[in-house]
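Here are some short exercises to work through with the structure open beside you. Try each one before you read its solution.

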Amino acid sequence: MPPLNADLHCHSVVSDGTLTPEELAARAKANGVELWALTDHDEIGGQARAAAAARAQGLKYLTGTEISVTFANETVHIVGLGFDAQDPRIREGLSATRGGRGSRAREMAAQLEAAGIPGTYEGALKYVGNPELISRTHFARYLVEVGVCRDTAEVFRRFLTEGKPGFVPHRWATLKDAVHWITEGGGVAVIAHPARYRFTANEEYALFTEFKAHGGRAVEVVTGSHTAAEAQRYARTAQEFGLAASRGSDFHSPDESHTDLGRLPPLPEGLVPVWDLLADRIQ
């Protein structure tokens, strides 16, 4: 049997992607994806559309979201898969998590104005529509639009990151809360793109230990930002902690993402795919 082409991490216009759920479903199908999940940041408002679009394309579908968590003073992302999108605990938890984005965005804009770039809050809003979901990515797109930077990669080298103008930290959900919202709704919690976090070895060990203690069951091994060596490293981590392995491109936009939907290498051998844990949740 050839490996399943599952892509369980991507973003739509409901958070910080540039395509609609329907456009993502069509792109996933065209790229050979067989099992798909839409995982917008701290939001599940696109789930009904994504599930309907997947059915229309003949795609198998898992509900999804990507929850922002503060752990050891770092923002960590926890992907939830296969949960009940109507469960009040996850809906209320995500609403509370989104609540801090608006005030944070205004602080970011004030810093950028002090650096000589006015109007960034209003400019960023053009790309999102909902102030509850405004993020650094929306500011980055506006800075490219007005010619401050050539592309979003340059934005994040010069602005919006720690020590640069426009960086405002935000305390997100706790790791325990995020994992419980997902698991109590019948889903599986996944540590997203672990190679991206700036943890010491001890901090990373603490993250995985606490994640598993709270009921987390998987880690993203193959993802758009992981190198082949990093995929092998986190394959070993998955085995060490007894975690299943997930696979997702983290696709945001045809113009910005390094890895397209469905264009990832397969999971390394010897791992339990996360979709094996979710067979009864696939739509």
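**Exercise 1.** How many nonpolar, polar and charged residues are in the lining of the largest pocket?

*Solution.* First, some background: this is a predicted model, where local features need pLDDT of at least 70, side-chain atom pairs count only at pLDDT 80 or more, and totals for chains, interfaces and linings use all residues. Residues are numbered from 1 along each chain as its sequence is written, and side-chain values use heavy atoms, without hydrogens and water.

Next, sort the lining by class: 12 residues are nonpolar, 22 polar and 16 charged. Here Asp, Glu, Lys and Arg count as charged, Ala, Val, Leu, Ile, Met, Phe, Trp, Tyr, Cys and Pro as nonpolar, and the others, Gly among them, as polar.

Finally, see where the lining comes from: α6 gives the largest share, 4 residues.

**Exercise 2.** Find the salt bridge that Glu43 forms with Arg98, and place both residues.

*Solution.* Apply the rule: a side-chain nitrogen of Lys or Arg within 4 Å of a carboxyl oxygen of Asp or Glu. The closest N and O atoms of Glu43 and Arg98 are 3.6 Å apart. Glu43 sits in the loop between β2 and α2, while Arg98 is in helix α3, 55 residues apart. Both Glu43 and Arg98 are buried (under 20% relative accessible area; exposed is over 50%, partly exposed in between, with a 1.4 Å probe and protein chains only).

**Exercise 3.** Is Arg198, the salt-bridge partner of Glu162, buried or exposed?

*Solution.* Arg198 has 59% relative accessibility, so Arg198 counts as exposed. Glu162, at 55%, is exposed as well.

Terms used:
Helices (H or I, at least four residues) and strands (E, at least two) are DSSP runs, numbered from the N terminus.
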